[in-house]
Amino acid sequence: MSRTRPSTGVTDALPYANNEHPKAGDANPHRLRSVLIARFSALGDVAMTVPVIYSACACYPEVTFTIVTRSTMTSIFINRPANLNVVGANLENYSGVGGIYRLFRELRSTYNFDAFIDLHDVLRTKILRMFCHMHRLPVATINKGRKGKQALTRRHNKVLLPLTSTRARYRQTFHRIGLPVDNRFEGLYGHNRHVDPAIFSQITPPKDEGEAWVGIAPFAKHAGKIYPPSLMEQVVKRLSALGYVKIFLFGAGDNEEETLGVWAERYPYTLSLAGKRYGFPVELALVSHLDVMITMDSANMHLASLVNTPVISVWGATHPYCGFKGWRQKEDDIVQLPMTCRPCSVFGNKPCFRGDYHCLRGISPQVILDHAMKYIDGENACELE
């Protein structure tokens, strides 16, 4: 039986008459059978695609989905659905328009996709969209809400209202191509949060009875998102002094590895994973056993939330209103100061116009400890000496 491909006129438009909103699983008016999805970076943004893509796979088991991302990020898609392919691309091998066309041809030849969902909307994916248009394939592109983010982060006349979350924007993009998605994601390990400790036995033995495990990821890509290390060290020091808390430090890069290594040597019951390169499957298995994870607005926040671990996130120049809060993260677990200049940036990459980063330096280590102790020992207070 032949199938007529829809024209490119459906691009980025809802394919339903009279603004109808069909239930997930009952839609797919274009009879799609193979859908290509693209999101190349950054790690946190790729992690945020997981709940939506896994839910789409559950809603449409008759459709094969293929996500193409950077090769270094493919291993976060653990326990993936049977109808999901994960393709890692070394983008240095696909430079320029000719390189992107070669990537397009390779993906089309291997997966024979009949639609394209662009969850990135950058130059590379725009070129992919162009080739899809040339082959009369339907395309849907994320609406990043740039105007709303500009109004939220500008210095004067700031509009301090919550924007649509990035995950909701991802779902809207699926909807625009005719595949509305209900949330059917329960975590990378499903309802069984704690996985076999043997997976991370190379890092640590299983948790002892009465022992609490805390993860701390104190760094981020930009200065506007990093809680001062000297203050975070006070958090590590006090947790270590409790005697029943084991601390796991997460980070990457030479400077982070050096700092976290010093902390691990200085404080008992503290272990640094920085630079060890155990891989996402091993480290995520460990994170699933943590009682709580303390992070910045960073990829570690998103990764920990994907395995249903409570996350205490510390926010500075950025703000949860921008739409990047961790999956199912509780509002009470967000640490931030109510400053009129916040947020000044979507990504934390702009210099502080005050010059002091008070949005971060003004947060007391005791506040972070109080939040963490709810998950470690809800009855006993933990105060800095």
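## Helix H6

Helix H6, residues 229-241, has 13 residues that at 1.5 Å a residue should span 18 Å, and because its end C-alpha atoms lie 18 Å apart, the expected span and the distance in the coordinates agree. The model is a predicted one, and the agreement is therefore between an ideal rise and a computed geometry.

The buried residues of H6 are Leu231, Met232, Glu233, Val235, Val236, Arg238, Leu239 and Ser240, a list that includes the charged side chains Glu233 and Arg238. An α-helix has 3.6 residues a turn, so residues three or four places apart point the same way. After H6 comes glycine 243, which has a positive phi near 90 degrees.

## Strands E1 to E5

Strand E2, residues 64-70, is largely enclosed by the rest of the structure, because five of its seven residues are buried. On one side, E2 runs parallel to strand E1 (residues 34-38), to which five bridges join it, and in this pairing serine 34 stands opposite threonine 64 of E2. E2 also pairs in the parallel sense with strand E3 (residues 84-89), here over six bridges, with threonine 69 having glycine 88 of E3 as its bridge partner. The connection from E1 through helix H1 (residues 43-59) to E2 forms a right-handed β-α-β unit.

E1 is in turn joined by four bridges to strand E4 (residues 115-118), again with a parallel run, and valine 35 stands opposite alanine 115 of E4. In a regular strand the side chains alternate between the two faces of the sheet. In E4, Ala115 and Ile117 point one way while Phe116 and Asp118 point the other way, and all of these residues are buried. E4 pairs in the parallel sense with strand E5 (residues 139-141) over three bridges, isoleucine 117 having alanine 140 of E5 as its bridge partner. A right-handed β-α-β unit is made by E4, helix H3 (residues 123-134) and E5.

## The six-stranded sheet

An open sheet of six strands follows the order E8-E7-E6-E9-E10-E11, and its pairing is parallel. Strand E8 (270-272) and strand E11 (334-335) stand at the edges with a single partner strand each, so that one side of each has no neighbour in the sheet.

Within this order, strand E6 (residues 212-217) and strand E9 (residues 292-296) pair in the parallel sense over four bridges, and the bridge partner of valine 214 is valine 292 in E9.

## Cavities and a pocket

Rolling a probe the size of a water molecule over the atoms shows where empty space is left. In this model the count of cavities of 30 Å³ or more comes to two, and the largest cavity holds about 80 Å³ of space. Its lining comprises 13 residues, of which Cys341, Cys344, Cys352, Arg354 and Cys359 lie nearest the centre of the cavity. By class, the lining of the largest cavity divides into eight nonpolar residues, one polar residue and four charged residues.

The second largest pocket has a volume of about 180 Å³. Ser305, Asn308, Thr309, Pro310, Val311, Trp327, Arg328, Gln329, Lys330, Asp333 and Tyr375 form the lining of this pocket, which has four nonpolar, four polar and three charged residues.

Terms used: Residues numbered from 1 in each chain as written. Predicted model: local features only at pLDDT ≥ 70, side-chain atom pairs only at ≥ 80, totals over all residues. Heavy atoms only, no water. 1 Å grid on protein atoms, 1.4 Å probe; cavity = no way out; pocket = protein on both sides within 12 Å on 5 of 7 lines; lining within 4 Å. Points joined across faces, edges and corners; volume = space filled by probe spheres on them. Buried < 20%, exposed > 50% of the residue type's maximum accessible area, 1.4 Å probe, protein only. Helix = DSSP H or I, 4+ residues; strand = E, 2+ residues; numbered from the N terminus. Pairing = 2+ DSSP bridges. Right-handed = clockwise from strand over helix to strand, strands pointing away. Expected span 1.5 Å × (residues − 1).
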